[in-house]
Amino acid sequence: MTESSRPEGTPEGIKEKLVRTKQRWAEEGRLLTGTAGDPERDRLPPGQRLVTDWPVLDLGIQPAVAEAAARLDIDGLVANPLSLSWAELMALPQEERRNDIHCVTQWSRYDNDWRGIAVIDLLARAEPRPEARFVTMESHDGYTTNLPLDDIARPENLLATHWEGRPLTRQHGGPLRLVVPHLYLWKSPKWIRRITLIAEDRPGFWEVRGYHERGDPWKEERYS
Ligand SMILES: Nc1nc2c(c(=O)[nH]1)N[C@H]1C(S)=C(S)[C@@H](COP(=O)(O)O)O[C@H]1N2
Ligand SMILES: [Mo]
């Protein structure tokens with residue numbers, strides 16, 4: 001594909017075919033079962049199938065982010081913007097969570113053990129202004145995604161540094177990725193660099209390509 005025919009907002013070197021396929025699924029409403037799941041009763045959301053390996057999904061660019069160069073910014077509509085180095089992140093309380101993850105391409109994986117920093121604590125330290133209602137997030141590969149503030153500010157969400165007791169691998173977003181397990185996994189940015197609090201929702205990479213602004217797997221919020 002040439003530069004001029006590349007979809008808007010697409011980083012260089014991206015897996016164009018994957019993007020086109022997933023964009024077509026959104027247009028056609030593929031994979032929808034039309035049923036609502038009940039997280040109290042079922043473990044697997046509608047239309048999902050269980051995997052035991054851990055598939056890798058991204059735009060095809062897997063940036064090498066050295067821990068020494070890693071930095072997380074929390075900015076935008078906050079009273080106290082943060083820009084934390086790796087050493088500063090490591091000095092914060094390191095927490096553990098176990099949860100199931102669900103990708104919109106239909107795989108789910110149970111009982112993932114994470115270690116990292118609770119994002120809700122960092123958001124509180126940044127002191128969101130009352131107008132802040134959404135976040136937009138940026139990663140080192142150029143990926144972006146958005147979330148309502150209420151969905152990112154949940155106690156189970158981690159800025160993960162470890163999975164199953166080992167440092168998160170580069171292919172899964174190491175050294176630092178967000179994990180938001182109650183939503184489809186495209187809302188969990190790998191190689192995260194920045195979280196910006198905003199007043200009006202701002203769609204990210206998949207959201208401008210037909211994917212849902214929220215992405216609740218129990219309601220099958222795959223597409224917009
Ligand atoms: N930075 C970044 N984060 C990303 C993506 C990406 O392309 N770049 N892909 C998303 C999608 S669509 C999915 S399904 C998950 C996949 O995470 P995994 O490769 O660790 O399974 O990462 C999400 N986070
Ligand atoms: Mo995905």
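The largest pocket of this predicted model is lined by 13 residues, and those that lie nearest its centre are His102, Arg154, Pro181, His182 and Trp218. Sorted by class, the residues of this lining comprise three nonpolar, three polar and seven charged, and the volume of the largest pocket comes to about 160 Å³.

Enclosed space was examined as well, and a search of the whole structure returned two cavities of 30 Å³ or more. The largest cavity has a volume of about 300 Å³, and its lining is made up of 22 residues, with Leu57, Asp58, Leu185, Trp186 and Lys190 lying nearest the centre. In this lining 15 residues are nonpolar, two are polar and five are charged. The second largest cavity holds about 40 Å³ of space and is lined by Val65, Ala70, Arg71, His140, Pro175, Leu176, Trp191 and Ile192; by class, this lining has six nonpolar residues, one polar residue and one charged residue.

Two of the residues named by the analysis concern charged side chains in different surroundings, and lysine 22 is taken up here, a residue of helix α1, which covers residues 16-28. Although lysine 22 is buried, no salt bridge is found for it, and the nearest side chain of opposite charge, that of aspartate 58, is 10.0 Å away. Aspartate 58 also belongs to the residues that lie nearest the centre of the largest cavity. When neighbours within four places in sequence are left aside, the residues in contact with lysine 22 are Leu57, Val104, Thr105, Trp206 and Tyr211, and Leu57 is likewise listed among the residues nearest the centre of the largest cavity.

Aspartate 113, by contrast, is placed in strand β5, which spans residues 107-118. Its relative accessibility is 27%, and aspartate 113 therefore counts as partly exposed, given that this class lies between the limits of 20% and 50%. Not counting residues up to four places away in sequence, aspartate 113 touches Arg97, Arg98, His162, Trp163 and Glu164. A further spatial relation links aspartate 113 with arginine 166, since the two residues are 53 residues apart along the chain while their C-alpha atoms are separated by 9.9 Å.

Technical notes. Residues are numbered from 1 along each chain as its sequence is written. Chains are lettered from A and ligands numbered from 1 in the order in which they are written. This is a predicted model: local features need pLDDT of at least 70, side-chain atom pairs count only at pLDDT 80 or more; totals for chains, interfaces and linings use all residues. Side-chain values use heavy atoms; hydrogens and water are left out. Helices (H or I, at least four residues) and strands (E, at least two) are DSSP runs, numbered from the N terminus. Buried means under 20% relative accessible area, exposed over 50%, partly exposed in between (1.4 Å probe, protein chains only). Lys and Arg count as positive and Asp and Glu as negative; His and the chain ends are not counted. A salt bridge is a side-chain nitrogen of Lys or Arg within 4 Å of a carboxyl oxygen of Asp or Glu. Contact means heavy atoms within 4.5 Å. On a 1 Å grid over the protein atoms alone, a cavity is a set of points where a 1.4 Å probe fits but cannot get out, and a pocket is an open set with protein on both sides within 12 Å along at least five of seven lines; lining residues have an atom within 4 Å of a point. Grid points are joined across faces, edges and corners, and a volume is the space filled by probe spheres set on the points. Ala, Val, Leu, Ile, Met, Phe, Trp, Tyr, Cys and Pro count as nonpolar, Asp, Glu, Lys and Arg as charged, and the others, Gly among them, as polar.
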